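Me: I've got this one open and would like to zoom in on a single part. Could you walk me through it and then show me what else is worth a look?

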Amino acid sequence: MKRLPIDEPGEPDSRSAARFLLWVLRHQLPTIIAGIALGIVWMVSQALVPAALGAGVDALTSHDRGALGVAGGALLGLGTVTAVSGIMRHRFAVTNFLSAGFRTMQVTARHATRLGATLPKKVATGEVVSIGTTDFDHVGYAMDVTARGGGAVVAIVVVSVLLLDVSVPLGLVVVIGVPLLVAVVGLLLKPLHQRRRAQRELAGALTGRAADIVSGLRILRGIGGEDVVSGRYRTESQQVRAAGIRVAKVETLLEGAQILLPGLFVALVTWLGARFAVAGRITPGELVAFYAYAAFLVSPLRTLTEVAEKVTRGHVAAGRVVSLLRVEPELHDPARPEAPHDGDLEDPGSGFTAGHGRLTAIAAARPEHAAAIADRIGLLDPGSEARLLGVPLRTMRIDDVRSHVVVADNDDRLFRGRLRDELGGHQTTKSDQTTKSDQTTKSDQTTKSDQTTKSDTAVLGALETAAAQDIVDALPDGLDTEIAERGRDFSGGQQQRLRLARVLALDPPVLVLVEPTSAVDTHTEALIARRLPAARAGRTTVVCTTSPLLLDRADVVAFVDATGRVAATGTHRELLATCPAYSATVTREEEA
C-alpha cells in the first residue's frame with residue numbers, strides 16, 4: 001500500500017477498449033480483489049442492520065431484555081465492522097483509481113516515446129493531452145467503482161434471501177424488481193456511450209487547436225491572423241458545447257432514473273410490508289426491518305447504475321487510449337541488430353560523408369535539403385539509407401542509434417523544472433546526503449560525489465561553449481532556478497543557446513546541429529564558432545548552417561546544391577575561391 005504497483009506495466013492489450021480495461025484490471029488484481037472483498041463486507045454489514053433492528057423491535061414488544069441486549073450488541077458490532085471496512089475499502093478504491101490512471105498515462109507516455117517522430121505525424125497533440133487529463137480519470141474511476149459494485153451485488157442477494165425467508169411475496173418483489181430496474185437504466189447507456197464518444201473526439205480536436213494557437217500565437221500576431229483563428233476556435237468550441245449538451249440530456253435522464261426508480265421501488269416494498277403487517281402476516285419488527293431493507297436498497301441500486309455509468313465512461317476513454325496504442329512507429333528494431341561503432345557517417349541519398357572525429361559543415365542552397373540530410377543521418381526519416389562505418393543505421397536498434405547519433409534542431413523545447421536538471425546536471429540536497437549516508441558506504445558516497453561533480457562540470461563546460469553562462473549568471477538562483485514551460489522566461493536567442501548547451505552536455509559520439517546559431521547575434525555566434533571545435537574534439541560533429549563564422553571553423557564543408565546532392569567539398573576558404581554557387585549562398589547571408 002506504500003507504493004503504487006505501476007513500475008512494470010508490460011505490453012498493453014490494444015485489440016479493443018474492453019481488452020485494455022481487462023489488461024489494466026489484471027495488472028492490479030490483488031488490490032482489486034481486496035477492494036471488492038472489503039466492499040462486500042462493508043455492504044453486507046449494512047444489509048444486516050435492518051434484521052438486527054427488527055429483532056430489537058420485536059424484543060421490545062415482547063419485553064425480552066436478553067433478546068434486546070443481543071440485538072443491541074449486534075447493531076454495535078455491525079456498526080464497527082461497517083466503519084472499519086468502509087475506511088479500508090475506500091483506501092483500496094483510491095489505490096485502484098490512481099494505479100489505473102497512472103498506468104494508463106505510463107503506457108501512453110512509453111508508446112509516445114517509442115513512436116518518436118511518428119507521433120506528431122499521425123496523432124494530434126490534443127489527443128495525447130486529453131489522455132493525461134480526461135481519460136486518466138475515467139479509466140481510474142472504472143477500477144475504483146469495482147469495490148462498491150461488488151459489494152452492491154452481494155448485498156442485494158443477501159437482502160433478497162432475508163426477505164424470501166420472512167415473506168416469499170416480498171422477496172419475489174425484490175428478486176424480480178431489481179433486474180427490471182437495472183434493465184431500464186441500461187436502456188440509457190447505449191445512447192450515452194455514443195454521445196460521449198462523439199463529444200470526446202470533438203473535445204480532443206479542440207484541445208489540439210488550442211495547443212496550436214498557443215504555440216503559434218506570436219506568428220499569428222505578426223501576420224494578423226488572430227481574428228481568423230479565434231473564429232475557427234469559437235466555432236469548434238460551440239460544437240463541443242452542443243455535444244456536451246447532448247450528453248447532459250442523457251445524463252439527466254440517467255440521474256433522474258437513479259432517484260425515481262429506486263424511490264418507487266422502496267415505496268412499493270414499504271406499502272406491501274404495511275399491508276402484510278396489518279393482516280398479521282408479519283410482526284411489527286419485521287415491518288420495520290422491511291422498511292429498513294427497502295431504504296437500504298436505494299444505495300446498492302444507485303451503485304449499480306453508477307457502475308454502469310463509470311464503466312461506460314471508462315470504455316470510451318480506453319477506446320481513445322487504444323487508438324493511440326495502435327499507431328505503429330515508422331521504424332522498428334531489426335531481428336538481428338548490429339552494434340554501432342565509431343566511424344564515418346554517410347548519406348548515400350545526397351553523397352554526404354561526415355568524417356569520424358571531425359567537424360563537418362553542410363551548407364545548402366536550400367535549407368530544407370540540409371535538414372533532410374540531418375534527418376536521414378539521424379535515422380529520423382523512415383526512408384533513410386545512412387550508414388555508419390559502412391553499416392546501415394536501419395540494421396541497428398533504434399535506442400542504440402538514438403544514443404549514438406543525436407540530432408538537435410530549433411524545434412526542440414525546454415521543459416519546465418530546474419535548469420540544472422534540464423541541462424543534465426545534478427545537485428544533492430542536504431537531506432539527500434543525510435539519507436544516503438545512512439544507506440550507503442563511504443566508497444559509494446565518494447563514487448556518487450565524483451559522478452555529481454563530473455555531471456556539473458560537463459554542464460558548466462557546455463554553457464561556456466554555447467556562450468550561455470551569462471544567462472545563468474543573471475538568474476536569481478543560477479542553475480537551481482525553476483524555468484517555465486518551453487523556456488518562456490527566455491528570449492529566442494537565449495533558448496537556442498540553452499538548447500545547444502543541453503545537447504553539448506550530453507556529449508554523444510555523433511552530434512548533428514541544425515542551424516544552431518540562427519537566433520543569436522554576430523558576437524555570440526563568433527564565440528560559439530570559436531569554442532565548438534575544441535569542445536567536440538575527437539567526436540563527430542555535423543553542423544547544418546550557412547553562417548560564414550561557423551563554416552570557417554569546420555574541418556570540411558560540404559556544399560549541397562539545389563538538387564539536394566553534395567556538389568563540392570573542401571574548407572570554407574577553398575570553396576569561396578573555387579565554387580561560385582557556394583560563394584553566392586554564403587554571400588547572401590553575409591549581406592543579410
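Which residues are buried in helix 3?

Reply: Bear in mind that this is a predicted model. In helix 3, the buried set is Pro50, Ala52, Gly54, Gly56 and Ala59. Those buried residues pack against three other helices: helix 2 (29-47), helix 4 (65-115) and helix 11 (284-325). The length of helix 3 checks out too: it covers residues 49-61, and at 1.5 Å a residue its 13 residues should span 18 Å, which agrees with the 18 Å between its end C-alpha atoms. After helix 3 comes His63, with a positive phi near 55°.

For another helix, try helix 1 (residues 17-27), where Ala17, Phe20, Leu21, Trp23 and Val24 are buried. Looking down the axis of helix 1, you'd find its buried residues within an arc of 155°, so they line one face of the helix. As background, an α-helix has 3.6 residues a turn, so residues three or four places apart point the same way.

Then there's the sheet. Its four strands run in the order 2-1-4-5, forming an open sheet with antiparallel pairing. Strand 2 (352-354) and strand 5 (391-392) are at the edges with a single partner strand each, so one side of each has no neighbour in the sheet. Further in, strand 1 (residues 345-347) and strand 4 (residues 387-388) make an antiparallel pair over two bridges, and Glu346 has Arg387 of strand 4 as its bridge partner. Helix 12 (residues 367-377) lies across strand 1 and strand 2, at about 125° to strand 1.

How values were computed. Residues are numbered from 1 along each chain as its sequence is written. This is a predicted model: local features need pLDDT of at least 70, side-chain atom pairs count only at pLDDT 80 or more; totals for chains, interfaces and linings use all residues. Side-chain values use heavy atoms; hydrogens and water are left out. Two strands pair if DSSP finds at least two bridges between them. Contact means heavy atoms within 4.5 Å. Axes are lines fitted to C-alpha atoms, for helices over the stretch in contact, and angles run from 0 to 180 degrees between N-to-C directions. The expected span of a helix is 1.5 Å times one less than its number of residues. Buried means under 20% relative accessible area, exposed over 50%, partly exposed in between (1.4 Å probe, protein chains only). The arc is that of the directions from the helix axis to the C-beta atoms.
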